[in-house]
Amino acid sequence: MPTVTDSPVAGHVSRAEIAQALTMILFHDLVERVPTAQAYLEDVARRGQRVVFDHGAVRTVLWPSGHLPPGERAITRVLGPLGYATREVYPLPLLNMTGRSWCHADAPESIAQFFVSELHPERFSRRFEDTVTRVIATSRDPLSLADLDDLAVLAAHRSLSLERARRLLPALVKCFDRQHDLFALSDYDALRAESPEMAWIATEGNAFNHATDRVANVEAVAEEQKRLGRPIKDTVEISRSGRVRQTAFEAVQVERLFLDSGRQVRRVVPGSFYEFISRDPLPSPSEGAPALDLAFDAGNATGIFAMTAGHTSAPKVADVFTT
């Protein structure tokens, strides 16, 4: 954990400590959901090496969302009080999305960044817009008024009492989940026909789409994983600067429930995945600024997003009927 997380006041927890705790919980959650990540981390542990958590990616949709704030606001209302600030904006026109990187002010190289993307339904068909409306209209807000009050105190004072921090952290974790109810299988198919990214949001919500390990040589890691027979991207994405290189395991396939003619049915759909990134130093870093190139690249992101555009299975009728 970065030394910056030492609390300046006894009995209080700094925003950096809470941010670090949140990122570790979300990282663990993703690893639990992605078997290839588990296998890779077991290899790392056997060699006595360490993982550097570079960033986690979250997808949102900029559209009325029931009781949940629309778009990235559902997530960034948490990130701001934790000490994060927007670093860069990345248009993703091929996906009809916009991505933004959120970097921690207190320890930008040590505390994992967030890459938060928004999908724009108005850039698709009217049928698509109507389907998005139906799917996410039942969204709940996982944060209570007490949670929002704790976030306001954290934003103002950059720390919380240990008691309030312990109460707030589980609520923050709940923000990184799916907040809407089960929906029709036909709606899933309609979304997927125009946007695999929106279909992914429909089943997985605001869970980590992927978590990323910062490694010294991403090409070497990719070759090793290929030799081990693990499903990894064929190519490495290279940024226009040449300083940021990324690849990833294929997304895990997960079983999700849908509604179909009054019954629940199961279908296997794309879930989350684990990514690798190498970052070279900046040629001329500013005084007091990070030495590493912490930027992202729109082309890289578009290529990485394709990891969740895989196949889906035919639905299976469940034994459970809806009421």
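## Salt bridges, a hairpin and two cavities in a predicted model

At 74% relative accessibility, Ser261 counts as exposed, and the residue sits in the loop between E10 and E11. The model is a predicted one, and the values given below are computed from it.

### The hairpin of E10 and E11

Strands E10 and E11 pair in the antiparallel sense, over 8 bridges. The hairpin that they form has 2 residues between the strands, and within that hairpin Ser261 takes a positive phi near 55°, although Ser261 is not a glycine. Within the pairing, Phe258 stands opposite Val265 in E11.

A salt bridge also belongs to this part of the chain: Arg266 is joined to Glu255, with their closest N and O atoms 3.5 Å apart. Arg266 lies in strand E11 (residues 263–270) and Glu255 in strand E10 (residues 253–260), so the pair ties together parts that are 11 residues apart in sequence. Arg266 counts as partly exposed, at 32% relative accessibility, and Glu255 likewise counts as partly exposed, at 44%.

### Salt bridges in and between helices

The structure holds 25 salt bridges in total. One of them brings together the side chains of Asp150 and Arg167, at 2.8 Å from N to O. This pair links distant parts of the chain, with Asp150 in helix H5 (residues 145–157) and Arg167 in helix H6 (residues 162–174), 17 residues apart. Are the two partners buried or exposed? Asp150 counts as buried because its relative accessibility is 0%, whereas Arg167, at 45%, counts as partly exposed. Both residues belong to a network of salt bridges in which Asp149, Asp150, Arg164 and Arg167 are linked.

Within a single helix, the side chains of Glu223 and Lys226 meet in a salt bridge of 3.7 Å, N to O. Because Glu223 and Lys226 are 3 residues apart in helix H9 (residues 218–227), about one helical turn separates them. Glu223 is partly exposed, with a relative accessible area of 41%, and Lys226 is also partly exposed, with a relative accessible area of 34%.

The three pairs described above are set out in the table.

| Salt bridge | N to O distance |
|---|---|
| Asp150 and Arg167 | 2.8 Å |
| Glu223 and Lys226 | 3.7 Å |
| Arg266 and Glu255 | 3.5 Å |

### Two loop residues, Arg158 and Glu72

Arg158 has a positive phi of about 65°, although this residue is not a glycine. The loop that holds Arg158 runs between H5 and strand E6 (159–161). Arg158 is exposed because its relative accessible area, 52%, is over the 50% cut-off.

Glu72 is likewise a loop residue, placed between strand E2 (53–61) and helix H3 (73–79). Glu72 is nevertheless buried, with a relative accessible area of 13%. Which residues does Glu72 touch, not counting residues up to four places away in sequence? With that exclusion, Glu72 touches Thr60, Arg100, Trp102, Val116 and Glu118.

### The two cavities

The structure holds 2 cavities of 30 Å³ or more. The largest cavity has a volume of about 120 Å³ and is lined by 17 residues, of which Val61, Ser65, Leu68, Ser139 and Asn206 lie nearest its centre. By class, the lining of the largest cavity divides into 7 nonpolar, 8 polar and 2 charged residues.

The second largest cavity encloses about 70 Å³ of space. Its lining is made up of His55, Phe115, His210, Gln246, Glu275, Phe296, Asp297, Ala301, Ile304 and Phe305. Which helix gives the most to the lining of the second largest cavity? Helix H10 (residues 298–305) does, with 3 residues. The lining of the second largest cavity has 5 nonpolar, 3 polar and 2 charged residues.

Definitions and conventions
Residues are numbered from 1 along each chain as its sequence is written. This is a predicted model: local features need pLDDT of at least 70, side-chain atom pairs count only at pLDDT 80 or more; totals for chains, interfaces and linings use all residues. Side-chain values use heavy atoms; hydrogens and water are left out. Helices (H or I, at least four residues) and strands (E, at least two) are DSSP runs, numbered from the N terminus. Buried means under 20% relative accessible area, exposed over 50%, partly exposed in between (1.4 Å probe, protein chains only). Contact means heavy atoms within 4.5 Å. A salt bridge is a side-chain nitrogen of Lys or Arg within 4 Å of a carboxyl oxygen of Asp or Glu. On a 1 Å grid over the protein atoms alone, a cavity is a set of points where a 1.4 Å probe fits but cannot get out, and a pocket is an open set with protein on both sides within 12 Å along at least five of seven lines; lining residues have an atom within 4 Å of a point. Grid points are joined across faces, edges and corners, and a volume is the space filled by probe spheres set on the points. Ala, Val, Leu, Ile, Met, Phe, Trp, Tyr, Cys and Pro count as nonpolar, Asp, Glu, Lys and Arg as charged, and the others, Gly among them, as polar. Two strands pair if DSSP finds at least two bridges between them.
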